[in-house]
Amino acid sequence: FEKQELVLLWMAEGLVQETKTTKSMEEIGREYFRYLLVRSFFQRSSNNESLFVMHDLISDIAQLVARGLCYRLEDTVGGNKQSEISTKVRHFSYIRFVFDEIKKFEVFPKDRHLRTFLPLPIEKRGYLTNYVLSCLLPQRYLRVLSLSGYEIFELPNSISDLKHLRYLNLSNTSIRRLPESTSSLYNLQTLILKGCSHLTTLPKKFGNLVNLRHLDISNVNSIKEMPVGIEELKSLQTLSNFVVGKDTGSKIGDLMNLEFLQGRLCISNLENVLDVENARKANLNGKKSLDALVMKWEVDDLLDGTIVEDVLNMLKPHRTMKTLFIEGYAGVKFPMWVRDPSFPNMVELRVDRCGKCVSLPAIGQLPFLKYLVITRMAKVQRLGPKFYGKGCLKSFQSLETLRFEDMQEWQDWIPCKVDSEEFPCLRELSISRCPKLQGKLPPHLPLLEKFSIHNCEHIPDMYN
């Protein structure tokens, strides 16, 4: 009983602290998770260090404390008889199978006030009886709803009845659209649409979701633009992809008000940015909590190189950036900030399909750069001192992985002087599909462990 009381005290303390601090709920949650981890409430999984589990004893105590409020439906098909579900149950979960038919939910009480409806995930997609959507879920007290992994093509318009809904997970479903009534879920904080490959649009009045904090549309490649009004989502912290629209569609300047964005942001369809001033309004340099940025142009051959260069120049991220990926850039040269050594935290840089650039940026002086990948740079013919940076001394001091792919015109790699000490930490060097490359490679790579060359006909035999 002492441990039960301790759990309740932790919960109570958290509620008190939350009312006295200006920290966000995410920051509070992370702090308490770390606190519980140190106290062995959670422990790292032995199978995957990125996952955490409860110790069996702690799990038993938690279930005892939550008895009557939480219920997990086990496999009833296998003959395991379930105890009756109390009408006081607030948090409901169940083991998901490929076919979840109406029989599975017969034990569900008619009179309920659920807060949580959570199927436990499996690897395969599954099928869910319409009975759940039409009869079980339309209840106004629901806070957490997950339908992840089901072959669901649409949601009923009655989704708008869930006025208290905070969390909606539709990831890896076959949903084609969200009903317009979704825009009236004013309390929604998290919307996960990851892997919904058939989804083409978001609701027109999406900007009404003013309390939304996390929007995950990663691997949703059918969306052509963000809905007008997304700039009203001023509480947004997670935005996996911002799709720039055409003409009257969403503008990159709509990012201006989203000052709390953090983590990873992808900006795609940048070929639709024709107004340099609008790119400046995005104010990426002011978003200090972003640590990974992906910028994509889908079309490069038909773009005005001058405009594209000016746009990229205006999209300089904050100096705290750790990961940068530039794809499809149609400028002839990179702006100064790409080769600016003022990114002290930069760890990973990828440059792909920048077919008009004749040279690579001078990035050798980025102090903590560990991963560098250069692919499909069709007009680059030579790597030399400019690539290594100012003075060509002690370049790429932290680089561990270096890859070149599809450099069709690359002919010469001119190393620095023998005593320049470049690449002291390089462990992996990969060069593939560079048919014209010839001459010398870096002469001194003391820590090299993996070295591969493919389809480079003119590399001397000594390197093959």
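**Exercises on buried residues**

**Exercise 1.** Decide whether N278 is buried or exposed in this predicted model, then place it in the fold.

*Solution.* Start with the accessibility: N278 comes out at 16% relative accessibility. The cut-off for buried is under 20%, so N278 counts as buried. Next, find its element: N278 sits in helix α5, which covers residues 276-281. Finally, look for its partners. Skip anything up to four places away in sequence, and N278 touches K251, I252 and G253.

**Exercise 2.** Work out which residues of helix α3 are buried and how they are arranged around the axis.

*Solution.* Helix α3 spans residues 56-65, and its buried residues are I58, S59 and I61. Now look down the axis of α3: the buried residues fall within an arc of 165°, so they line one face of the helix. Then check the other side of α3, where D56 and Q63 are exposed. As a reminder, an α-helix has 3.6 residues a turn, so residues three or four places apart point the same way.

**Exercise 3.** Find the residues that touch the most other members of the largest nonpolar core, and list the contacts of F117.

*Solution.* This core has 114 residues, and F117, L147, W413 and I431 touch the most other members. Take F117 and drop its neighbours within four places in sequence: its contacts include F92, Y94, F105, V132 and L147.

**Exercise 4.** Put numbers on the whole protein chain: burial and contact range.

*Solution.* First, burial: 46% of the 464 residues count as buried. Then contacts: among those with a separation of 6 or more, 56% join residues 24 or more positions apart.

Conventions. Residues are numbered from 1 along each chain as its sequence is written. This is a predicted model: local features need pLDDT of at least 70, side-chain atom pairs count only at pLDDT 80 or more; totals for chains, interfaces and linings use all residues. Side-chain values use heavy atoms; hydrogens and water are left out. A nonpolar core is a set of buried Ala, Val, Leu, Ile, Met, Phe, Trp, Tyr and Cys residues joined through side-chain atoms within 4.5 Å. Buried means under 20% relative accessible area, exposed over 50%, partly exposed in between (1.4 Å probe, protein chains only). Contact means heavy atoms within 4.5 Å. Helices (H or I, at least four residues) and strands (E, at least two) are DSSP runs, numbered from the N terminus. The arc is that of the directions from the helix axis to the C-beta atoms.
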